[in-house]
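The following exercises concern aromatic rings and helix packing. Please work through each task before reading its solution.

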Amino acid sequence: LRELEETDCFPEIQDYIRSLHFITLDYTKEENAGVLDPLVFLDRTQAKGLIISMIDEFMPLDKEKKFKTELSKAIREFAERRAKGEKVGTLSVFKALAQHEDKEVRETAELLIEETTDSVLSLIFSDGVNPAVDFTARNTILEIANLDLPNDEKAHLSYENKKSLAVMYALGHYCIKFGERDYATKTVEFLDEAWIYKVTAYGRGLLDRIKRVGRSQNNFLVFISQEPDDSNREDGQVASFGSYFCFHNEAEGADEKVLRRLKVRVTEESKEWFNNMTKAQCLYKDTYGRVERITIDGLFFPEIAKLFETVRKPKEQEVA
């Protein structure tokens, strides 16, 4: 954008770049504290269940019944205070419980405060001073820095993995609220590496809820993942429909997986049909069940292609 502004070239492309609302949520920056805090961007009933589920992900509350009860009460209280305009958040709840008369409640609250301090959890647990991520901005590209996510669905979850998953739960609820915020507005979400929600039971349920928003709202979900089985329908989704774009990959048995997913008979001929695809080609299944091999043509104008560069070349290579 700076280059185009300096040369006063392609004003339409400049306007497009300015329309992109690119957000990197980095917990090491104070301005990002609490941007996904449930008490900040959700109403009381939605916030309570999410907060308890997020805590339960990295610190199971099965044996903390006293704390869970007091936490639930405190969330209701602070949600009402938030609704009246007071700047409070989930961390405010923990700090209040840290003054509780019951020793076990105090100790659990103090542990949560310590875990939130200088942690990715500060994105979801805060004092409520900062505003939440904007729901109304057009073309929002949202990424979260410094997440420690598992390598795949079957990986053993470390403690840091579980804390990162808690943040992803908040992001999932953000997607739900974004999609159902205004029925009159058409919205679309591109959910990259969507398989991460398949790791836990809560994540799978959350993903189903994101999908179901499109049934009653003008909302469309683009589910992006590496494995065709990641998009399998869960119970209650037999009436759902969509389109598939399946690109070639080198994983063992990928041809059979994709063909079966698209309900194409697996034969030597159909496997060759899949395996000899070149870059930019994919198997496309439309909403009527028709499957064809197609080629995706990009806009290969130099001024457009530059927007797709992902690697910066060293200065000496640029000169050469």
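**Exercise 1: Aromatic pairs**

The count comes to seven aromatic pairs, where rings of Phe, Tyr and Trp (its six-membered ring) pair if their centres lie within 6.5 Å, and planes under 30 degrees apart count as stacked, over 60 as edge-to-face and the rest as tilted. This is a predicted model, in which local features need pLDDT of at least 70 and side-chain atom pairs count only at pLDDT 80 or more, while totals for chains, interfaces and linings use all residues. Residues are numbered from 1 along each chain as its sequence is written, and side-chain values use heavy atoms, with hydrogens and water left out.

Task: describe the pair of phenylalanine 41 and phenylalanine 135.

Solution. Step one is the geometry: the centres are 5.9 Å apart and the planes make 40 degrees, a tilted pair. Step two is the location: phenylalanine 41 belongs to helix α3 (residues 38-41), whereas phenylalanine 135 lies in the loop between α7 (103-116) and β2 (140-144), 94 residues apart. Here helices (H or I, at least four residues) and strands (E, at least two) are DSSP runs, numbered from the N terminus. Step three is the accessibility: phenylalanine 41 is buried at 3%, and phenylalanine 135 is buried at 11%. Buried means under 20% relative accessible area, exposed over 50%, and partly exposed in between (1.4 Å probe, protein chains only).

**Exercise 2: A second pair**

Task: state how phenylalanine 58 and tyrosine 159 are arranged, and whereabouts they lie.

Solution. First, the pair is edge-to-face, with 6.4 Å centre to centre and 80 degrees between the planes. Next, the pair links distant parts of the chain, 101 residues apart: phenylalanine 58 is in helix α4 (residues 44-58) and tyrosine 159 in helix α8 (residues 159-180). Finally, phenylalanine 58 is buried at 4% relative accessibility, while tyrosine 159 is partly exposed at 35%.

**Exercise 3: Packing of two helices**

Task: which residues make the contact between α6 and α7?

Solution. Begin with the geometry: α6 (residues 90-97) and α7 pack at about 145 degrees, their axes 8 Å apart. Axes are lines fitted to C-alpha atoms, for helices over the stretch in contact, and angles run from 0 to 180 degrees between N-to-C directions. Then list the residues: α6 contributes Leu91, Phe94, Lys95 and Leu97, and α7 contributes Val105, Arg106, Ala109, Leu112, Ile113 and Thr116, contact meaning heavy atoms within 4.5 Å.
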